[in-house]
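Colleague: I'd like to learn how to read a ligand site and a sheet. Could you walk me through a case?

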Amino acid sequence: MTAAIPDSLTGMGQGALRIVRTLRNAGHEAFFVGGCVRDLFRGEAPEDYDIVTSARPDAVQALFPRTYPVGVSFGVILVNEGDHAHEVATYRKEAEYEDGRHPSQVSFATAKEDVYRRDFTINGLLMDPETGEIVDYVGGVADIERRVIRTIGNPEERFAEDHLRMLRAVRFAANLGFLIDTETLGAIKRHSADIARVSAERVREEMTRILTGPGPRQGLEWLQATGLLSQLLPEIEAMRGVSQPPQFHPEGDVWEHTLSILALLPQERRPDTEANGRLAWAALLHDVGKPATRTESETGVHFYGHVKKGAEIAAAIMRRLKFSKADQDVVLALLENHMRFMHVQDMRPNTVKKFLRMPDFDLHLALHRLDCLGSHGHLDNDVFCRGKLKELTTEDLHPPRLLTGHDLQALGFQPGPLFREILSTIEDAQLNGEIATAKEARQLVISRFLSGSAADGHE
Ligand code: ATP
Ligand code: MG
């Protein structure tokens with residue numbers, strides 16, 4: 001069985017090939033392994049190249065001028081070749097997993113043993129990059145062809161050893177568009193409660209890779225089908241069966257709506273990984289307040305206060321998953337503002353301008369677009385915002401300050417909370433086109449804050 005020929009390797013692949021050649025010329029065995037072989041076989045460009053070798057770590061370090069020992073005890077050395085660092089790992093097998101997270105000891109081994117410790121058959125292929133020949137000890141080629149995720153060996157044991165593999169199974173199924181083999185799926189269902197023992201960071205990382213990959217809808221469906229969702233995000237599981245008014249949501253209940261949005265998410269992909277993650281989590285969480293706020297009366301079904309409730313629930317989820325403060329802030333801002341688009345065409349000019357200049361507005365707009373396309377499909381508010389953004393200059397959105405704090409002090413005001421109110425009154429009038437000069441601003445302050453009861457606080 002052969003896959004890519006060396007000439008078709010990209011620059012990064014050529015670098016990895018040179019490493020393999022150097023190891024072989026020194027008398028060692030060496031292969032490409034894991035995800036890169038899977039991707040090359042599928043005709044996709046690998047994200048990175050991992051190499052396994054019979055050479056011991058000290059021999060690897062001696063052969064290459066630029067190495068970095070990332071995990072010497074595991075036999076993993078980073079080798080710099082060209083512009084990339086490649087992982088070169090000595091064949092190893094792992095003894096006993098005591099805690100379902102870390103192997104208690106490793107020992108050096110043969111190629112076959114090395115492959116057997118890997119998670120899924122599709123990730124257990126070796127490739128000779130000189131010839132493109134694939135060495136398959138685990139039936140990985142057949143599983144790629146059948147498009148199935150299957151553990152290497154007994155799934156019960158493999159998931160008991162390392163619980164994170166359950167989420168990895170979902171990630172590979174979602175990202176590759178594969179099915180999960182029946183026995184493997186059954187084992188995940190039986191072990192799903194163990195996912196609680198995996199660290200929040202690793203769960204968050206896997207979930208983000210699922211949500212930002214090419215199949216986020218399938219990812220959420222797999223999470224649900226495996227039972228992992230009710231363990232990790234019961235708040236999202238609670239969306240199932242929460243029906244909504246069909247005139248706004250012809251697609252179905254809150255769960256269906258969320259799935260429809262996730263299906264559209266890859267269309268909104270951006271080059272910035274951080275932004276992608278934030279938009280994806282906001283898409284997943286934007287209606288998380290609906291199950292708890294649903295009411296039904298003669299006037300129909302309502303979700304009064306779902307935005308506020310949703311932000312509270314989302315904040316708790318993000319704290320639980322140990323998101324950075326910056327991620328939390330952006331995602332919560334996306335949630336808190338998502339319903340404001342409904343009123344954007346009725347907003348006064350100052351409010352529209354402040355809305356359009358919110359940080360990360362492109363993400364707000366993307367979430368709104370997803371929300372519409374994942375339900376009724378009307379994009380008039382999206383079109384309105386884009387039109388305004390075209391029409392308005394940076395200066396229209398951020399007009400120069402007409403008065404400073406010094407000017408206010410010269411008018412007799414003392415610095416304090418009133419200062420901010422005065423300055424924002426001036427800015428609002430400016431954004432509304434009511435004033436344009438310092439003189440007009442001064443007159444506004446005098447008439448609004450220096451006469452009658454409004455002068456309270458001014459001494
Ligand atoms: P991707 O393209 O998404 O990076 P990958 O297959 O390269 O996919 P990695 O997480 O980079 O995935 O891992 C590299 C290889 O290491 C895998 O292909 C697999 O063989 C092995 N591996 C990684 N994590 C585990 C694990 N938890 N249990 C067993 N083997 C693993
Ligand atoms: Mg990888």
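Modeller: We'll take the ligand site and then the sheet, bearing in mind that this is a predicted model.

Colleague: Fine. How many residues surround ligand 1, and which are the closest?

Modeller: The usual way in is to list the residues with a heavy atom within 4 Å of the molecule. Here 14 residues surround ligand 1, and the closest are Asp162, Arg165, Arg168, Arg171 and Arg209.

Colleague: What does that shell look like by residue class: how many nonpolar, polar and charged?

Modeller: The shell around ligand 1 has 10 charged residues, 3 polar ones and 1 nonpolar one.

Colleague: And polar contacts? Which atoms lie at what distance from an oxygen atom of ligand 1?

Modeller: For a polar contact, look for N or O pairs within 3.5 Å. Arg209 puts a polar side-chain atom 2.7 Å from an oxygen atom of ligand 1, and Arg168 does so at 2.8 Å. With Gly35 it's the backbone: an N or O atom there sits 3.3 Å from a ligand 1 oxygen.

Colleague: How much of ligand 1 does the protein bury?

Modeller: Ligand 1 exposes 590 Å² when taken alone, and the protein buries 80% of that.

Colleague: Which elements give two or more residues to the shell?

Modeller: Those are α2 (35–41) and α7 (164–176). The most comes from α7, with 4 residues. As for domains, the shell draws at least three residues from domain 1 (1–139) and at least three from domain 2 (147–232).

Colleague: On to the sheet. What's the general idea, and in what order do the strands run?

Modeller: Strands of a sheet pair through backbone hydrogen bonds, in a parallel or an antiparallel sense. In this model, 7 strands make an open sheet with mixed pairing, and reading across gives β3-β4-β5-β2-β1-β8-β9. At the edges are β3 (67–71) and β9 (133–135), each pairing on one side only. Ignoring direction, neighbouring strands of this sheet are turned by 35° against each other on average.

Colleague: Where do I see both senses of pairing around β5?

Modeller: Look at its partners β4 and β2. Strand β4 (residues 76–81) runs antiparallel to β5 (residues 84–90), with 6 bridges joining them, while β2 (residues 50–53) pairs with β5 in the parallel sense over 4 bridges.

Colleague: Which residue of β5 stands opposite Leu78, and which opposite Asp50?

Modeller: Glu87 is opposite Leu78, and Glu87 is opposite Asp50 too. Going along the β4 and β5 pair, Val79 faces His86, and Val76 has Ala89 as its bridge partner.

Colleague: What about β3 and β4?

Modeller: They run antiparallel, joined by 3 bridges. Tyr68 has Leu78 in β4 as its bridge partner, and Leu78 in turn stands opposite Glu87 in β5.

Colleague: How many residues lie between the strands in the hairpins, and which glycines take a positive phi?

Modeller: The hairpin of β3 and β4 has 4 residues between the strands, with Gly75 at a positive phi near 80°. Between β4 and β5 there are 2 residues, and Gly82 in that turn has a positive phi of about 65°.

Key. Residues are numbered from 1 along each chain as its sequence is written. Chains are lettered from A and ligands numbered from 1 in the order in which they are written. This is a predicted model: local features need pLDDT of at least 70, side-chain atom pairs count only at pLDDT 80 or more; totals for chains, interfaces and linings use all residues. Side-chain values use heavy atoms; hydrogens and water are left out. A polar contact is a pair of N or O atoms within 3.5 Å; within protein, one must be able to donate a hydrogen and the other to accept it, and residues adjacent in sequence count only if both atoms are side-chain atoms. Accessible areas come from the Shrake-Rupley method with a 1.4 Å probe; for residues, only the protein chains shown count as cover. Ala, Val, Leu, Ile, Met, Phe, Trp, Tyr, Cys and Pro count as nonpolar, Asp, Glu, Lys and Arg as charged, and the others, Gly among them, as polar. Domain bounds come from an automatic or database domain assignment. Two strands pair if DSSP finds at least two bridges between them. Axes are lines fitted to C-alpha atoms, for helices over the stretch in contact, and angles run from 0 to 180 degrees between N-to-C directions.
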